[in-house]
Amino acid sequence: MRMAATRMAADSSRPMQRLACPERDDWRLTAEKTGFDFHTLDGERYWDERACYAFTLDEIENRIEAPTAEIDAMCLELVACAVDDEEYLLRLKIPEAFWPLISESWYRDEASLYGRLDLRFDGRGPAKLLEYNADTPTSIFEAAVFQWTWLEQAIERRIIPARADQFNSIHERLIEAWRKLGEGRHLHLTGTTENPEDAGTLAYLEDTARQAGLETTLIDIEDIGLRTDGSFVDLDNRAIELAFKLYPWEWMFHDEFGARLAKAPTRWIEPPWKAILSNKGILPLLWEMFPDHSNLLPAFFEDDPNAASLGAGFVRKPLYSREGANVALVSGGVTVVEQQGPYGAEGFIRQALAPLPNFSGQYPVVGSWLVDHTPCGLSIREDENPITGNSSRFLPHAIL
């Protein structure tokens, strides 16, 4: 059984490090055998084990795991305030037609499976929330499985010390969560199956659900049908009772069958109330509710006069955005880095500039995973670009 951070002697004074590592000669073959066939994207490495990030146990337990739990609790407090507050929902640009769906899912206590906080962390100051991937986070297979395989083999091959460990109980937590969520129902998993990363994520989550004892069906989002009674069905005309969707709520709201969501009996994972947390607008709302919190960055809606308090340096983010699209870093009033993309029509927020740590020209973002609201693992994405995007590489981590 894999462990979350096992207690061992650690130098709590040493901050997070990036360590060069020899890569396994057979890592590509190992990846393909495990179904990780998107380890290389467009001819470039996505998985990269030529280096790893090393943490102390104190960093993991007290400076990442504990703040992750606290941020999640604050997010749930925010949802409790927002679901019945017209002002909040208007600021988040959530279509009014779906407000009852969101509120009802919250009051029915519909469960969440997982999420990932993206944090700015360098081992010196407190972790800072950059954003919350609350609805459709990918990279969970490589976080839960492939970096654990790397750890085991890296120890075995003496690439890293025998006493090394990893903060990673994602796999076991997922199986446990599926047992609670399933309740004897058949599970459908859906998304854009033509996308290799999405297909790999769906296949992994289906495997964990099956290990939890659930019967499953994988279906492309385009193949979901509708009965005359308002029920969603699969290609065999089987009613979809419980569905995991790797497809954002804001897209579903605008799709052709969006108007049918409220009346259909399908129970969705993630639940509709997660549409609140998958919105960058929660960053200024959290700052309003918890001003000066050590794990938050000052943030404001762009049309808020208080945004001027950030001065000439800030990060500009669309309310809805994926993989860093349409995010801009502004310094001295000048846009120094910007990712292109299709987002921004709903508006923007501004967040205080907190440059990522620079490790020899590489900028890492720490992904802190929650399953059933329990912090349980880490993933690291790094890039030469200080805005983490779809092509940013995934590096393993270890506790040393």
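**Exercise 1. Classify Arg 18 as buried, partly exposed or exposed from its relative accessibility, then find its salt-bridge partner.**

Step 1. Arg 18 has a relative accessibility of 30%, so Arg 18 counts as partly exposed. The cut-offs behind this class are under 20% for buried and over 50% for exposed. Note that the model is predicted.

Step 2. Look for a carboxylate partner. The side chain of Arg 18 meets that of Glu 382 in a salt bridge, at 2.8 Å from N to O.

Step 3. Place the two residues. Arg 18 sits in strand β1 (residues 17-20) and Glu 382 in strand β19 (residues 374-383), so this pair ties together parts that are 364 residues apart in sequence.

Step 4. Check the partner's accessibility. Glu 382 has a relative accessible area of 0% and is buried.

Step 5. Widen the view. Arg 18 and Glu 382 belong to a network of salt bridges that also links Asp 48, Arg 50, Glu 384 and Arg 393. The structure as a whole holds 23 salt bridges.

**Exercise 2. State how well helix α10 is covered, then follow the salt bridge of Glu 288.**

Step 1. Helix α10 spans residues 282-289 and is mostly covered, with six of its eight residues buried.

Step 2. List them. The buried residues are Ile 282, Leu 283, Pro 284, Leu 285, Leu 286 and Trp 287.

Step 3. Turn to Glu 288. Its relative accessible area is 42%, so Glu 288 is partly exposed.

Step 4. Find the partner. Arg 91 and Glu 288 meet through their side chains in a salt bridge of 2.6 Å, N to O. Arg 91 lies in helix α3 (residues 86-91) and Glu 288 in helix α10, so the bridge ties together parts 197 residues apart in sequence.

Step 5. Classify Arg 91. At a relative accessible area of 23%, Arg 91 is partly exposed.

**Exercise 3. Decide whether Lys 280 and Glu 131 are buried or exposed, and locate their salt bridge.**

Step 1. Lys 280 and Glu 131 are both buried.

Step 2. Their closest N and O atoms are 3.9 Å apart, and the pair forms a salt bridge. The cut-off is 4 Å, so this distance qualifies.

Step 3. Lys 280 lies in the loop between α9 (274-277) and α10, and Glu 131 in strand β6 (residues 128-133), so parts that are 149 residues apart in sequence are tied together.

**Exercise 4. Work out which polar and non-bonded neighbours surround Asp 234.**

Step 1. Locate the residue. Asp 234 lies in the loop between β10 (232-233) and β11 (242-246).

Step 2. Test for a salt bridge. Asp 234 is buried but has none; the nearest side chain of opposite charge, Arg 238, is 5.3 Å away.

Step 3. Test backbone nitrogens instead. A polar side-chain atom of Asp 234 lies 2.9 Å from the backbone nitrogen of Asp 236. The side chain of Asp 234 also reaches the backbone nitrogen of Arg 238, at 2.9 Å.

Step 4. Add the contacts. Leaving out residues up to four places away in sequence, Asp 234 touches His 188, Thr 217, Ile 219 and Ile 240.

Step 5. Relate two of these contacts. His 188 stands opposite Thr 217 in β8. Strands β7 (residues 187-191) and β8 (residues 216-220) run parallel, joined by five bridges. From β7 the chain passes through helix α7 (residues 196-211) to β8, in a right-handed β-α-β crossover.

How values were computed:
Residues numbered from 1 in each chain as written. Predicted model: local features only at pLDDT ≥ 70, side-chain atom pairs only at ≥ 80, totals over all residues. Heavy atoms only, no water. Helix = DSSP H or I, 4+ residues; strand = E, 2+ residues; numbered from the N terminus. Buried < 20%, exposed > 50% of the residue type's maximum accessible area, 1.4 Å probe, protein only. Lys, Arg positive; Asp, Glu negative; His and termini not counted. Polar contact = N/O pair within 3.5 Å; in protein donor to acceptor, adjacent residues only side chain to side chain. Contact = heavy atoms within 4.5 Å. Pairing = 2+ DSSP bridges. Right-handed = clockwise from strand over helix to strand, strands pointing away.
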